[in-house]
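Colleague: I'd like to learn how to read a structure like this one. Please show me where to begin.

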Amino acid sequence: MIEVADLTKRFGRITAVERLSFTVPAGRVVGFLGPNGAGKTTTMRMILGLDHPTSGTVRVNGREFAQLDAPMREVGAVLDAGGIHPGMTARTHLRWLASAGRIPARRVGEVLDAVGLTEAAHRKVGGFSLGMRQRLGIASALLGDPATLLLDEPVNGLDPEGVLWIRTLMRDLAAEGRTVFLSSHLMNEMEETADRVVVIGRGHLVADMDIEEFLRRGSSGYVSVATPHLSLLTTALSEAGAAVEPAADGSRTASEERLAVRGLTAAQVGELAARYGITLHELTPQAASLEETFMELTRDSAQYTASGSVGGSGGDRSR
Ligand SMILES: Nc1ncnc2c1ncn2[C@@H]1O[C@H](COP(=O)(O)OP(=O)(O)OP(=O)(O)O)[C@@H](O)[C@H]1O
């Protein structure tokens with residue numbers, strides 16, 4: 001588990017992360033999303049003890065990184081897949097890491113196998129494709145068989161087969177009870193991979209919730225309902241707190257009307273209709289895409305960041 005509490009990081013006049021709090025639970029794949037410059041890398045670096053917070057705390061498996069006895073066995077990370085000496089072979093690089101982390105040498109063969117690099121183990125990293133470097137980065141992260149994994153943009157540069165491979169690997173690692181935290185700007189990819197999302201904009205938390213709930217927050221997601229009992233259903237839905245309007249496609253027949261319902265799940269609409277004995281001819285969740293919801297919820301953040309004024313006078317820096 002990763003616990004981030006009231007975390008702030010300033011670089012001079014720039015506030016990269018401000019009063020950020022979230023928890024990454026074990027056993028789930030959690031996506032870390034935010035526009036460029038939102039503070040994802042800075043947050044990951046603080047989780048790994050590579051940057052010191054201006055204020056606030058980060059705990060990994062209940063302890064601060066500096067207090068971990070054997071960090072490589074507790075946390076595996078890929079922050080920059082390019083940062084490996086080009087003259088080293090994959091095997092030499094991993095052997096060197098293993099000995100630095102006091103990890104048995106037999107793990108090198110195991111992780112090369114796990115990431116599909118056994119055949120390329122004797123080749124120099126300088127000749128590796130970006131996808132192979134990503135695989136090697138993941139092999140390094142897995143070396144200590146850590147309970148927690150952090151990956152910054154892990155699918156960058158991967159072909160579709162590689163993306164599918166990462167997705168399956170991350171899900172398998174989470175299913176083993178590990179904490180898996182992945183940053184990405186590829187929303188659709190994250191929709192397929194993550195169970196939960198932590199979304200930030202301008203260094204502030206925008207959302208920390210299961211993907212389904214996040215998608216419901218976006219106004220572009222709704223439940224499409226067709227019924228011959230329009231006014232009865234509209235009243236019941238409104239009393240339950242839903243926003244109801246005629247469906248945008250305007251389709252209707254003489255005996256039914258279609259509504260767009262926001263604020264309730266399809267299951268809640270169905271249960272409500274059953275309670276009042278209202279016949280439904282259709283009940284269809286129309287999910288917003290992760291990308292649409294993300295754009296909607298971070299629009300202000302993105303504009304602010306794009307204006308280049310992060311940390312400037314128009315911001316909401318409290319100090
Ligand atoms: N060492 C540093 N010195 C000064 N400013 C920094 C430093 N590191 C990050 N920043 C600034 O902090 C803000 C957050 O950057 P960060 O790299 O964490 O964002 P990000 O969400 O990872 O973005 P991207 O997706 O573009 O990598 C940016 O405004 C960035 O310019």
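Modeller: Let's begin with the inside. The largest nonpolar core has 50 residues, and Ile 138 and Met 170 touch the most other members. Helix H6 (residues 160-175) gives this core its largest share, seven residues. Apart from it lies another core of 23 residues, including Leu 7, Phe 22, Phe 32 and Met 46. A nonpolar core is a set of buried Ala, Val, Leu, Ile, Met, Phe, Trp, Tyr and Cys residues joined through side-chain atoms within 4.5 Å. Buried means under 20% relative accessible area, exposed over 50%, and partly exposed in between (1.4 Å probe, protein chains only).

Colleague: Before we go on, what should I know about the model?

Modeller: This is a predicted model, where local features need pLDDT of at least 70 and side-chain atom pairs count only at pLDDT 80 or more, while totals for chains, interfaces and linings use all residues. Residues are numbered from 1 along each chain as its sequence is written, and side-chain values use heavy atoms, with hydrogens and water left out.

Colleague: What makes up the protein in terms of helices and strands?

Modeller: There are eleven helices and 14 strands. Both are DSSP runs numbered from the N terminus: helices are H or I, at least four residues, and strands are E, at least two. Of the protein's 319 residues, 46% are buried.

Colleague: Back to Met 170. Which residues is Met 170 in contact with, leaving aside its neighbours within four places in sequence?

Modeller: Contact means heavy atoms within 4.5 Å. With those neighbours within four places left out, Met 170 is in contact with Val 29, Leu 151, Val 180, Leu 182 and Thr 193.

Colleague: Let's look at Thr 193, then. Is Thr 193 buried or exposed?

Modeller: Thr 193 is buried, because its relative accessible area is 1%. Thr 193 sits in helix H7 (residues 187-193). Setting aside neighbours within four places in sequence, its contacts are Val 29, Arg 167, Met 170, Arg 171 and Leu 182.

Colleague: How do I find empty space, and how many cavities of 30 Å³ or more are there?

Modeller: Rolling a probe the size of a water molecule over the atoms shows where empty space is left. On a 1 Å grid over the protein atoms alone, a cavity is a set of points where a 1.4 Å probe fits but cannot get out; a pocket is an open set with protein on both sides within 12 Å along at least five of seven lines; lining residues have an atom within 4 Å of a point. Points are joined across faces, edges and corners, and a volume is the space filled by probe spheres set on them. Here the count is two cavities of 30 Å³ or more. The second largest cavity has a volume of about 40 Å³, and Thr 193 is among its lining residues. H7 supplies the largest share of that lining, three residues.

Colleague: And which residues are closest to the centre of the second largest pocket?

Modeller: Of the 23 residues lining the second largest pocket, the closest to its centre are Glu 212, Leu 215, Arg 216, Pro 285 and Ala 287. This pocket holds about 420 Å³ of space. Its lining takes its largest share, four residues, from H8.

Colleague: One last residue. Where is Val 261?

Modeller: Val 261 is in strand E13. Val 261 counts as buried because its relative accessible area is 0%. Beyond its neighbours within four places in sequence, Val 261 has contacts that include Tyr 222, Leu 237 and Val 269.
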